[in-house]
Amino acid sequence: MKLSLLLLAGFLITESTSSDDSPLADALVQVVMNSEMAHQRTLYIHTQISAPAAGYHLEELLTRFLVLLPSTMQARRIHLQQQMDYKPYVHGVLLLVDDLPALAEIYRHIRATQDLSHTLIYMSMPTDAYGEEIQLSLRLLYRLSVLNVGVVVRPPGGQLLMVSYFPFSALHGCQVISASVVNRYQKDSGGWISPVYFPPKLGNFYGCRLTCATWEDMPYLVWRPEAGGSFVGIEGALLQFMAENLNFSVGLYWMNKEEVLATFDESGRIFDEIFGHYADFSLGGFHFKPSEGSEIPYSQSTYYFMSHIMLVTNLQSSYSAYEKLAFPFSPDLWRMIGVVLILACLLQMALRRLHGDWVIRYAQYQLLVVSLGGNLPERLLPRRMPARLALTTWLLGSLVLRSGYQSGMYQLLRQDTQRNPPQTIAEVLAQRFTIQLAEVNEARIRASLPELHPDQLVHLEGSELQAMPALARRSGSSERVALLTPYEYFGYFRKVHPMSRRLHLVREKIYTQQLAFYVRRHSHLVGVLNTQIQHAHSHGFLEHWTRRYVSAVDVPDEAVARIASTSYNTLDGVAGDPSLSESEEQQVDAVRQNVLSMRELAALFWLILWANLGAVLVFLLELLLPK
């Protein structure tokens with residue numbers, strides 16, 4: 001319980017303090033005042049005893065400590081014979097205990113501390129800095145992720161030693177918890193030998209192995225043993241970056257399909273088993289989950305990637321080649337041309353009735369010849385100024401229209417123009433697209449899109465990346481199919497396969513999720529991972545890796561820098577990276593070669609063919625019918 005004001009007043013009575021506790025209290029005060037503990041807003045003080053005889057000594061020591069500690073420093077919260085609670089922020093802790101059972105009792109309700117505290121411990125009973133009780137105490141502290149810790153012991157002779165441990169060191173090895181004296185207090189000088197009370201322990205892992213539980217999936221992570229055990233993908237590059245910075249070797253625990261599917265369970269029980277037996281941390285496109293109010297068995301790092309959930313649709317039935325012939329001009333312009341031609345015909349008919357003797361025969365044909373760039377016989381040229389002005393206007397107008405149509409037609413024949421695809425999620429739903437998605441994501445998607453009808457949903461048999469080639473093959477048909485996928489899958493597909501030009505991305509995001517590392521609940525690795533992720537973010541490495549494997553949303557297809565595909569097997573044992581057939585590769589090559597094919601020229605070919613056949617038919621009719 002908290003110390004009352006009456007007890008705090010009693011701390012001011014210094015006559016009862018013993019002379020033996022004075023140097024010890026002074027030593028503890030120096031650590032608090034001159035170390036990182038001085039920068040914390042609150043100092044949490046806990047006392048715990050197993051043997052009642054030790055109570056008087058610790059009370060005297062606490063009294064003396066509070067008297068010597070300047071009142072202008074941080075606030076103090078004192079707990080006598082109480083267990084410690086987990087605190088999710090950096091703080092300072094002073095523990096006054098008599099032995100190991102008392103120390104274990106203070107941490108009885110804590111699974112781990114996430115290495116968020118600078119902890120100073122005084123143990124009154126042990127006198128051997130390398131004794132078994134100190135060794136067991138340090139192992140307990142390591143299991144609790146209390147790494148910034150110094151244990152003060154008083155061996156015979158009155159000297160004070162500060163003991164700690166180094167879980168990764170060149171001397172002791174990997175995760176070997178052995179006591180090391182990190183500082184000494186000299187009674188003659190009244191101070192500690194070294195100004196460093198909490199030496200760093202996680203800046204260098206000395207080649208020790210940290211095991212990562214993961215699974216292969218691009219563009220996240222793929223292991224390439226043939227390339228010296230290197231990694232590719234966004235997560236793979238980050239993992240390799242951290243291993244080089246921290247000097248650790250990467251061990252791999254490959255998760256099977258059942259374990260990966262179990263990660264979608266909100267309880268997270270699978271991670272309790274993984275971190276308890278197989279791995280130190282986990283990586284695999286796992287999104288950050290708020291854990292307030294629930295005791296999930298894992299902690300999460302800060303985010304390293306923002307994953308946008310979006311819709312990719314096929315391109316519905318393309319316009320026919322005949323419809324493309326009308327594309328260079330807008331419908332209003334075609335209507336205007338039609339009105340002009342009709343009025344010209346009506347005007348000629350009226351003039352023929354009034355002045356049939358001087359009206360040119362087959363005037364429509366002659367005007368068509370002039371429009372196409374042909375010449376009129378000299379006898380048909382107009383003689384009067386108004387007629388010449390009208391002919392000149394016709395020539396100029398037809399020249400402008402012909403030139404504009406020719407240039408526009410070349411551009412449009414070169415493009416595989418499709419009908420306008422949906423631009424928003426609302427349009428996709430209104431047009432009743434069949435939406436493909438992974439079964440494990442259905443609950444979250446329906447929570448984000450309550451207007452989504454269940455009959456529109458179809459579960460994928462494989463991954464989203466494997467479904468994209470089949471979706472692209474449906475382009476050009478009357479089917480309306482959409483794929484719900486994280487954008488990085490589509491961005492990687494665009495990087496690898498030109499076939500992605502047959503797909504349409506709806507640029508409106510459904511939701512965005514943060515991808516993070518998973519580690520043991522409140523593990524000291526959380527801070528280590530966060531530091532490396534922030535380092536990669538601040539220096540632009542993560543953005544660089546993302547651009548290497550995933551195309552940006554706003555980059556046009558022509559500007560996408562292609563990369564070679566990465567071969568790997570999915571959890572189902574099939575090839576993870578979809579491949580194109582030989583015919584599909586040839587179709588893409590034809591587009592890439594910038595050459596007009598029969599597909600683009602079909603309308604012109606058939607128009608010429610039908611016109612010639614019609615001319616032959618008219619010729620035969622003229623031969624057969626009597627004059």
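Ser 282 has Tyr 518 as its bridge partner in strand 22. That pair belongs to a short antiparallel match: strand 15 (residues 281-282) and strand 22 (residues 518-520) are joined by two bridges. Keep in mind that this is a predicted model.

Zooming out, strands 15 and 22 sit in an open sheet of five strands, ordered 14-11-15-22-16, with mixed pairing. Which strands stand at the edges? They are strand 14 (249-254) and strand 16 (298-300); each has a single partner strand, so one side of each has no neighbour in the sheet. Helix 8 (residues 269-277) lies across strands 11, 14, 15, 16 and 22, and runs at about 60° to strand 22.

There is another open sheet to look at, this one with eight strands in the order 2-1-3-4-5-6-9-10, again with mixed pairing. Its edges are strand 2 (75-80) and strand 10 (191-192), each of which pairs on one side only. Further in, strand 3 (residues 91-97) and strand 4 (residues 117-123) run parallel and are joined by seven bridges. One of the residues involved is Val 97, whose bridge partner in strand 4 is Met 123. As general background, strands of a sheet pair through backbone hydrogen bonds, either parallel or antiparallel.

Two helices that pack on the eight-stranded sheet go into the table, with the angle each makes to one of the strands it touches.

| Helix | Strands touched | Angle between directions |
|---|---|---|
| Helix 3 (residues 55-68) | strand 1 (42-48), strand 2, strand 3, strand 4 | about 165° with strand 1 |
| Helix 5 (residues 132-143) | strand 4, strand 5 (149-153), strand 6 (160-164) | about 160° with strand 5 |

Strand 4 is touched by helix 3 and also by helix 5.

Now for the covalent cross-link. How many disulfides does a search of the whole structure find? One, and it joins Cys 174 to Cys 208 with an S to S distance of 2.1 Å. The link is left-handed, with -90° about the S-S bond. Cys 174 lies in strand 8 (residues 173-174) and Cys 208 in the loop between strand 10 and strand 11 (209-214), so the disulfide ties together parts 34 residues apart in sequence.

A couple of backbone details are worth a look if you're setting up the model. Met 218 and Pro 219 are joined by a cis peptide bond, with omega about 10°. Pro 219 is found in the loop between strand 11 and strand 12 (222-224). Then there's Gln 114, a residue other than glycine with a positive phi, near 65°. Gln 114 lies in the loop between helix 4 (100-106) and strand 4. For context, most residues other than glycine have a negative phi, and most peptide bonds are trans.

Finally, the pockets. The largest pocket has a volume of about 1,700 Å³. It is lined by 42 residues, and the closest to its centre are Ala 344, Ala 363, Leu 367, Leu 391 and Trp 394. Which elements give two or more residues to that lining? Helix 10 (331-354), helix 11 (363-371) and helix 12 (385-414) do. By residue type, the lining divides into 30 nonpolar, eight polar and four charged.

Terms used:
Residues are numbered from 1 along each chain as its sequence is written. This is a predicted model: local features need pLDDT of at least 70, side-chain atom pairs count only at pLDDT 80 or more; totals for chains, interfaces and linings use all residues. Side-chain values use heavy atoms; hydrogens and water are left out. On a 1 Å grid over the protein atoms alone, a cavity is a set of points where a 1.4 Å probe fits but cannot get out, and a pocket is an open set with protein on both sides within 12 Å along at least five of seven lines; lining residues have an atom within 4 Å of a point. Grid points are joined across faces, edges and corners, and a volume is the space filled by probe spheres set on the points. Helices (H or I, at least four residues) and strands (E, at least two) are DSSP runs, numbered from the N terminus. Ala, Val, Leu, Ile, Met, Phe, Trp, Tyr, Cys and Pro count as nonpolar, Asp, Glu, Lys and Arg as charged, and the others, Gly among them, as polar. Two strands pair if DSSP finds at least two bridges between them. Contact means heavy atoms within 4.5 Å. Axes are lines fitted to C-alpha atoms, for helices over the stretch in contact, and angles run from 0 to 180 degrees between N-to-C directions. A disulfide is a pair of cysteine sulfur atoms within 2.5 Å.
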